[in-house]
Amino acid sequence: MKELSLNILDVAENSVKAGATLTEILIDENDETLVLTIKDDGCGMSEDIVKSVIDPFYTTRTTRSVGLGIPLLKLAAEQTEGKLEIQSKTEETYPDAHGTTVKATFFKRHIDFTPLGDVTSSIVTLIQGHPDTDFLFIHTINGKAVSLDTREIRAVLEGVPLDTYDVIKWIEGSINEQYSEIQNS
């Protein structure tokens, strides 16, 4: 993938398909590294499945025979001398604390570092496509944060769907405004 934001979209979509009610998308960035963590409270994966998801020829999809999201994220991290880690707890074994965490570490000064891309569009697309799922997005850049929590928005809107045009445009504007404030400070 040409942008990490597309990897974010892909992995977060997997979280939703795994039944997650909350998906956390956390980006911690400084001059040297970018650490991307996507954490969900979905059904989780067994150890065997965790080992196999890095294989591009493994997928749970029925529409195609390969799954490239995690393998491409792993490749992108490793190309920068970084790494990919996956931790998962199944719902059967951990009924009160299940879910999956995917963490990718990138070294930004490496020539093969993939740019982050349009993360705002990825977050907006996730919310618009899954208005009943909650997302927590926090992008920390050198100690300053851009954040959005759909649970807070939902509480204020009192029943107005998150995929309503005006709500989506507000979400997009809010994220972009926060990025602009960081860039101008």
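A residue is called buried here when its relative accessible area is under 20%. Keep that cut-off in mind as we walk through this model, which is a predicted one.

Let's start with helix H3, which covers residues 69-78. Its buried residues are Gly 69, Ile 70, Pro 71, Leu 73, Ala 76 and Ala 77. What do they pack against? The buried residues of H3 sit against H1, S2, S3 and strand S4, the last of these spanning 99-107. Leu 73 is worth a second look, since besides being buried in H3 it is listed with Phe 106 and Phe 137 as having the most contacts inside the largest nonpolar core. That core has 43 residues.

Now move along to Phe 137, another of those well-connected core residues. Setting aside anything within four places in sequence, Phe 137 is in contact with Ile 25 and Ile 27, then with Val 119 and Ile 123, and further along with Val 146, Ser 147, Leu 148, Ile 175 and Tyr 179.

Val 119 brings us to helix H4, made up of residues 119-129. H4 packs with helix H1, residues 4-17, at an angle of about 20°, and the two axes are 8 Å apart. Angles under 35 degrees count as roughly parallel, and H1 and H4 are therefore roughly parallel to each other. Their crossing is right-handed. On the H1 side, the residues involved are Ser 5, Leu 6, Ile 8, Leu 9, Ala 12 and Glu 13, and they meet Val 119, Ser 122, Thr 125 and Leu 126 of H4. Sorted by class, this contact has six nonpolar residues, three polar and one charged.

Strand S2, one of the elements that the buried residues of H3 pack against, runs over residues 33-40 and includes Thr 37. Is Thr 37 buried or exposed? Its relative accessible area is 15%, and because the limit for buried is 20%, Thr 37 counts as buried. Beyond its neighbours within four places in sequence, Thr 37 is in contact with Glu 24, Ile 25 and Leu 26, and also with Thr 101, Val 102 and Lys 103. Ile 25 is thus a contact of Thr 37 and of Phe 137.

To finish, head past the end of H3. Glu 81 lies in the loop that links H3 to strand S3, residues 83-89. With 61% relative accessibility, Glu 81 counts as exposed. What does Glu 81 touch, leaving out residues up to four places away? Its partners are Phe 107 and His 110. Glu 81 and Phe 107 are 26 residues apart in sequence, yet their C-alpha atoms are 6.7 Å apart in space.

Terms used:
Residues numbered from 1 in each chain as written. Predicted model: local features only at pLDDT ≥ 70, side-chain atom pairs only at ≥ 80, totals over all residues. Heavy atoms only, no water. Core = buried A, V, L, I, M, F, W, Y, C linked by side-chain atoms within 4.5 Å. Buried < 20%, exposed > 50% of the residue type's maximum accessible area, 1.4 Å probe, protein only. Contact = heavy atoms within 4.5 Å. Axes fitted to C-alpha atoms, helices over the stretch in contact; angles between N-to-C directions. Helix = DSSP H or I, 4+ residues; strand = E, 2+ residues; numbered from the N terminus. Parallel < 35°, antiparallel > 145°, perpendicular 65-115°, else oblique. Left-handed = near helix turned anticlockwise from the far one by under 90°. Nonpolar A, V, L, I, M, F, W, Y, C, P; charged D, E, K, R; others polar.
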